[in-house]
Amino acid sequence: MNLGAHRNVRLHFVLVFIVLGTSAVAANAEPPTYPDFASALKAADAAPNFNQAEPIYNSLPSYSMTCQDARAAYDWLNNVKLDASNDGQMQVASRRAGSVAKALARATSSDCHEFIAKTLKAESRWLLIGDMSQMVKEAAGSRKGLFESAVKSERIRAVIAAAGNGKNEKAIETLRSIQKHGGFFSEPAVYAIGHIGHAEDLDRFIAILKKDPRARLRISEFGTPAIPRIMREV
């Protein structure tokens, strides 16, 4: 490596350190406490600067989620604005989307099952036709396209997680379709199906693993009820 290239590498690491250091300071700041998720999200969006906003966004996954909160989180994720001329803005927006998505994944109450199931089915209408991995390939030439794909991925994964963590029976058929389709979201769907815990899905997964031990299926997601079934196989 010539001297100029070496200096460029050192400069790159210095810049990365500065950016990450700034983020760490913001993340470690103690965020204000708000009465609920909706208030916190509103305050984060309205914060006058990065140092005030970032701790609030980071705190969003700590709030309990009502179905109204879930709708607000999903709408927020569905309307993330990305400025193609400002890479820093896109990075910040993507990171904030991750926090909102983690909060959405906690929308597990039974009164929200209908919303989560319908939302997942709506997402799957295009998902099962054109897989997310194909979208990533198509966006590879566009920095903005990559960030858009990342935000969309966060949103869909959050809805899948909410369905699984909430043991949402209304979402099980859509989850099975996503898992059987394969691709980018098959693995999250496996986790969700395992958390819901139908015996027929456990049997189906074990049958697949018998044929292909390297299949990306984790029956451990079924938890304690899976142990007797696994012991019988052993």
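R216 sits at 64% relative accessibility, which puts it in the exposed class (buried is under 20% relative accessible area, exposed over 50%, and partly exposed in between, using a 1.4 Å probe and protein chains only). The model is a predicted one, with local features needing pLDDT of at least 70 and side-chain atom pairs counting only at pLDDT 80 or more, while totals for chains, interfaces and linings use all residues. Residues are numbered from 1 along each chain as its sequence is written, and side-chain values use heavy atoms, with hydrogens and water left out.

R216 pairs up with E187 in a salt bridge, 2.6 Å from N to O (that is, a side-chain nitrogen of Lys or Arg within 4 Å of a carboxyl oxygen of Asp or Glu). E187 belongs to helix α10 (residues 186-196) and R216 to the loop between α11 and α12 (226-233), so the bridge ties together parts 29 residues apart in sequence. Helices here are DSSP runs of H or I with at least four residues, strands are runs of E with at least two, and both are numbered from the N terminus. Unlike exposed R216, E187 is partly exposed, at 26%.

Searching the whole structure turns up 12 salt bridges. Another of these joins D87 to R143, with the closest N and O atoms 2.6 Å apart. That pair links distant parts of the chain, D87 being in helix α5 and R143 in helix α8, 56 residues apart. Both ends are partly exposed: D87 has a relative accessible area of 28%, and R143 comes in at 46%. Then there is E200 with R176, where the closest N and O atoms are 3.6 Å apart. Here too distant parts are linked, with E200 in helix α11 (residues 199-211) and R176 in helix α9, 24 residues apart. R176 is buried, at 8% relative accessibility. These two residues also belong to a salt-bridge network that takes in E173, R176, E200, D201 and R204.

Next up is helix α2 (residues 37-46), whose buried residues are F37, A40, L41, A43 and A44. Looking down the axis of α2, these fall within an arc of 165°, so they line one face of the helix; the arc is that of the directions from the helix axis to the C-beta atoms. K42 and A46 are exposed on the face turned away from that buried side. The buried residues pack against α3 (50-59), α4 (67-77) and α5 (87-104), with contact meaning heavy atoms within 4.5 Å. At the N-terminal end, D36 acts as a cap, a side-chain oxygen lying 3.4 Å from the backbone nitrogen of A38.

F37 also turns up in the largest nonpolar core, which has 56 residues; F37, L60, L104, L120, I160 and L175 touch the most other members. Helix α8 gives the most to this core, with seven residues. Such a core is a set of buried Ala, Val, Leu, Ile, Met, Phe, Trp, Tyr and Cys residues joined through side-chain atoms within 4.5 Å. Leaving out residues up to four places away in sequence, F37 touches L60, Y63, S64, M65, D69, A73 and A103.

As for cysteines, C67 is buried at 9%, and C112 is buried at 0%. The disulfide count is zero, going by cysteine sulfur pairs within 2.5 Å.

One backbone oddity is left. K167, in the loop between α8 (143-165) and α9 (172-181), has a phi near 50°, a positive value in a residue other than glycine. Most residues other than glycine have a negative phi.

How values were computed: A polar contact is a pair of N or O atoms within 3.5 Å; within protein, one must be able to donate a hydrogen and the other to accept it, and residues adjacent in sequence count only if both atoms are side-chain atoms.
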